[in-house]
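Trainee: Please take one part of this model and go through it closely. I would like to look at the place where the ligand sits and what lies around the ligand.

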Amino acid sequence: MAKKTVLDFMEMKKKGDKITFLTAYDFPMASFCEKAGIDMVLVGDSAAMVVHGLPATLPMTMDQMIQHSQAVRRGTPDTFVIGDMPFLSYQVSRERAIENAGRFFKEAGVDAIKLEGGRRVVGQIEGIVEGGMSVMGHIGLTPQSSGQLGGFKAQGRTADAARELIEDALAIEKAGAFALLVEAVPPEVGKTITDTLGIPVLSIGAGMYTDGQLLIVGDMLGYFEAFTPKFVKKYANLAAVIDKAFREFAEDVRTGRFPEEKHCYRMLEGEHEKLQALLKKTPPRGGRHGLRGEYLGS
Ligand code: KIV
């Protein structure tokens with residue numbers, strides 16, 4: 001299937017065709033996304049928690065995000081890939097934002113970048129868009145500023161808070177973003193934003209009325225075990241599958257059930273006998289055989 005573009009996503013919104021969106025951080029998961037025909041892949045800074053075992057996304061660096069994005073790009077040559085700008089790669093200034101966004105495109109070949117925040121990042125979005133790069137906005141629960149939000153909490157649950165989010169959404173669209181991701185807000189708020197904006201609105205925990213849905217692979221496949229947000233639907237329990245496989249392997253090794261004959265490379269015909277004779281004639285020195293080179297048997 002041909003890679004979708006920002007125009008295809010606009011068309012999908014117009015037609016009411018839902019956009020499918022997953023995170024990936026490495027080549028194998030990215031390849032599975034592409035094989036399954038997922039429309040967009042986010043190389044999220046959630047890699048901090050899902051892949052690196054960190055308690056928050058803040059420590060992720062540009063270099064780490066570029067490496068993850070390169071691996072994902074290799075696995076998804078025909079899927080729209082979005083690089084997630086890590087903490088402090090865009091907040092400091094418009095110039096820094098443009099330069100760091102540019103690195104995702106130049107070094108990892110992404111199709112777009114995503115950054116968190118509402119009206120306060122409008123200057124950065126405008127700059128990156130002026131630089132010819134596609135930007136996805138991200139409002140609601142924004143993990144990089146979860147400290148200010150009082151933790152990983154749903155947002156926009158009062159009329160006033162929802163109104164602020166709608167203003168943020170409008171400002172992001174006006175700044176030139178091609179799409180907006182809305183995280184952890186009530187479905188009514190997700191719907192109002194979706195109905196208000198002309199650009200596609202994607203949800204992660206923003207209900208069923210948006211133009212598409214994003215889930216984090218570690219959550220939906222059931223292998224990220226630290227916590228599971230309310231908005232996650234688990235489509236698999238890979239933690240149980242992996243745990244069973246690892247335990248079976250350990251048991252097989254300890255009891256000698258693995259490896260079996262079929263897992264071994266045998267020597268070529270007659271070569272083992274030749275080796276035995278060789279070792280007898282010129283015993284190897286050192287190791288188990290002793291410094292004197294006594295060969296201790298076949
Ligand atoms: O990093 C990420 O995966 C994200 C999601 C939480 C939306 O930004």
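Mentor: Start with aspartate 84, which has a polar side-chain atom 3.0 Å from an oxygen atom of the ligand. The model is a predicted one, and the distances here are computed from it. Two further side chains can be listed beside aspartate 84. Serine 46 places a polar side-chain atom 2.5 Å from a ligand oxygen, and for lysine 114 the corresponding distance to an oxygen atom of the ligand is 2.9 Å. As for cover, the ligand on its own has 260 Å² of accessible area, and the protein covers 97% of that area.

Now widen the view to the shell. The ligand is surrounded by 13 residues, and the closest of them are Gly44, Asp45, Ser46, Asp84 and Lys114. Sorted by class, the shell holds 5 nonpolar, 4 polar and 4 charged residues.

The next step out is the space that holds the ligand. The ligand sits in the largest pocket, and this pocket contains about 1,000 Å³ of space. Its lining is made up of 46 residues; Glu183, Ile204, Gly205, Pro229 and Phe231 are the ones nearest the centre of the pocket. Several elements each contribute two or more residues to that lining: strand 1 (19-23), helix 3 (47-50), strand 6 (179-183), strand 7 (201-204), strand 8 (212-215) and helix 9 (217-220). Strand 1 has the largest share, with 4 residues. By class, the lining of the largest pocket consists of 26 nonpolar, 10 polar and 10 charged residues.

For contrast, look at the second largest pocket, which has about 260 Å³ of space. It is lined by 17 residues, and Gly140, Thr142, Leu149, Leu165 and Asp168 lie nearest its centre. Two elements give two or more residues to this lining, namely strand 5 (135-140) and helix 7 (159-175). Helix 7 contributes the most, 4 residues. The lining of the second largest pocket divides into 4 nonpolar, 9 polar and 4 charged residues.

To return to the part you asked about: the ligand is in the largest pocket, and Ser46, Asp84 and Lys114 are among the closest residues around the ligand.

Definitions and conventions: Residues are numbered from 1 along each chain as its sequence is written. This is a predicted model: local features need pLDDT of at least 70, side-chain atom pairs count only at pLDDT 80 or more; totals for chains, interfaces and linings use all residues. Side-chain values use heavy atoms; hydrogens and water are left out. On a 1 Å grid over the protein atoms alone, a cavity is a set of points where a 1.4 Å probe fits but cannot get out, and a pocket is an open set with protein on both sides within 12 Å along at least five of seven lines; lining residues have an atom within 4 Å of a point. Grid points are joined across faces, edges and corners, and a volume is the space filled by probe spheres set on the points. Ala, Val, Leu, Ile, Met, Phe, Trp, Tyr, Cys and Pro count as nonpolar, Asp, Glu, Lys and Arg as charged, and the others, Gly among them, as polar. A residue is near a molecule or strand if one of its heavy atoms lies within 4 Å of it. A polar contact is a pair of N or O atoms within 3.5 Å; within protein, one must be able to donate a hydrogen and the other to accept it, and residues adjacent in sequence count only if both atoms are side-chain atoms. Accessible areas come from the Shrake-Rupley method with a 1.4 Å probe; for residues, only the protein chains shown count as cover. A molecule sits in a cavity or pocket if more than half of its atoms lie within 2 Å of its grid points.
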